[in-house]
Amino acid sequence: MREKQGLKPISITLHSVFCGSPGTGKTTVARLMGQIYQHLGILKKGHLIETDRSGMVAGYVGQTAQRVDELVNSALDGVLFIDEAYALKPAAPGNDFGQEAIDMLLKRMEDYRDRLVVIVAGYGDEMTRFINSNPGLKSRFSRYFHFEDYTPQELVEIFDTFCDQHNYTLTEAAKEILLTRFQELYDYRDKSFGNGRLVRNMFEKAIEKQANRLVNIPHINPYVMQQILPEDVEKLTINN
């Protein structure tokens, strides 16, 4: 708009910090933000490049900088999403190439400030420590987005969505059992609480149990094959 009026455009820093537990949709939102920025003309492509410490840090001097440079080049005109970014700066002191990755990233963020959006993500406390550990990080990441854990009712709704997407029908009785189970998991949750990932694992376990149940039914029709019953979701062993 300013350019159309003959005014000099103002460069706005869009680098962001996503704070939240696994499975709360951080990667999905990052991908959507890239698409929005592309639609608004802020980024030419708006694509998303995902990475973490293992994709940035190498074992020998010089290799880490090269890795980061390659990642940045692949993300130009789009979004670079760094999951569990705090792992680049371990809490315990010692020799580590994570700092080399941070230094190169900061340099490239400045070099391509109009062509690159960087989003770093992870647990809230760890991300705060990470950003505050380096003045360069603190000055470049000023936008914080907090992703809350899903409530038990929301987890049931996510499970129901998985069912719809795969042509299954979740009975009301099964929903009640799931709600009770999710409430238990939610009440005793810790950092490993998987949110959406937990629901996906639970859905896959339920489908497996349903398939084993249907094996013993002699005459099966599509309606029966689509039903997720209480016995399909009871006593599931869940890994986050």
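The questions and answers below concern a predicted model, and they move from its nonpolar cores to its helices, salt bridges and loops.

Q: Which helix supplies the largest share of the largest nonpolar core?
A: The largest nonpolar core has 30 residues, and those with the most contacts inside it are Met-56, Leu-105, Val-118, Val-120 and Phe-130. At least two residues of this core come from each of strand E1 (16-20), helix H3 (63-75), strand E3 (78-83), helix H4 (98-111), strand E4 (116-122) and helix H5 (124-132). The largest share, 6 residues, is supplied by H4.

Q: With which residues is Leu-105 in contact, leaving aside its neighbours within four places in sequence?
A: Leu-105 belongs to the residues with the most contacts inside the largest nonpolar core. In soluble globular proteins, nonpolar side chains tend to be buried together. Once neighbours within four places in sequence are left aside, the contacts of Leu-105 are Met-56, Val-68, Val-72, Leu-80, Ile-82 and Val-118.

Q: How many residues does the other core, the one with Cys-163 and Leu-178 among its residues, have?
A: This core lies apart from the largest nonpolar core, and Ala-206 and Ile-207 are also among its residues. Cys-163 is one of the buried residues of H7, while Ala-206 and Ile-207 are among those buried in H9. The number of residues in this other core is 23.

Q: What is the distance between the end C-alpha atoms of helix H7 (residues 152-165)?
A: Helix H7 has 14 residues, and at 1.5 Å a residue these should span 20 Å. The distance in the model agrees with that expectation, because the end C-alpha atoms of H7 are apart by 20 Å.

Q: Which elements are included in what covers the buried residues of H7?
A: The buried residues of H7 are Pro-152, Leu-155, Val-156, Ile-158, Phe-159, Asp-160, Phe-162 and Cys-163. Beyond the helix, H7 is followed by Asn-167, whose phi is positive, near 60°. The cover over the buried residues of H7 includes strand E6 (169-170), helix H8 (172-187), helix H9 (196-214), strand E7 (227-228) and helix H11 (230-233).

Q: Which elements are included in what covers the buried residues of H9?
A: H9 has 19 residues and reaches 27 Å from its first C-alpha to its last, close to the 27 Å expected at 1.5 Å a residue. Its buried residues include Gly-196, Leu-198, Met-202, Phe-203, Gln-210 and Arg-213. The cover over the buried residues of H9 includes H7, H8, helix H10 (222-226), E7 and H11.

Q: Which residue meets Asp-232 in a salt bridge?
A: Asp-232 lies in helix H11 and its partner in helix H9, so the pair ties together parts that are 19 residues apart in sequence. Both partners are buried. The side chain that meets Asp-232, at 2.8 Å from N to O, is that of Arg-213.

Q: Is Asp-149 buried or exposed?
A: The side chain of Asp-149 meets that of Arg-189 in a salt bridge (2.9 Å, N to O). This pair links distant parts of the chain, with Asp-149 in the loop between strand E5 (143-147) and H7, and Arg-189 in the loop between H8 and H9, 40 residues apart. Arg-189 counts as partly exposed at 35% relative accessibility. Because the relative accessible area of Asp-149 is 18% and the cut-off is under 20%, Asp-149 is buried.

Q: Why are Glu-172 and Lys-175 separated by about one helical turn?
A: The side chains of Glu-172 and Lys-175 meet in a salt bridge (3.4 Å, N to O), and Glu-172 counts as exposed at 55% relative accessibility. An α-helix has 3.6 residues a turn, so residues three or four places apart point the same way. The separation is about one helical turn because the two residues, both in helix H8, are 3 residues apart.

Q: What is the relative accessible area of Asn-195?
A: Most residues other than glycine have a negative phi. Asn-195 has a positive phi, near 50°, and its place is in the loop between H8 and H9. Asn-195 is buried, since its relative accessible area is 0%.

Methods. Residues numbered from 1 in each chain as written. Predicted model: local features only at pLDDT ≥ 70, side-chain atom pairs only at ≥ 80, totals over all residues. Heavy atoms only, no water. Helix = DSSP H or I, 4+ residues; strand = E, 2+ residues; numbered from the N terminus. Expected span 1.5 Å × (residues − 1). Buried < 20%, exposed > 50% of the residue type's maximum accessible area, 1.4 Å probe, protein only. Contact = heavy atoms within 4.5 Å. Core = buried A, V, L, I, M, F, W, Y, C linked by side-chain atoms within 4.5 Å. Salt bridge = Lys/Arg side-chain N within 4 Å of Asp/Glu carboxyl O.
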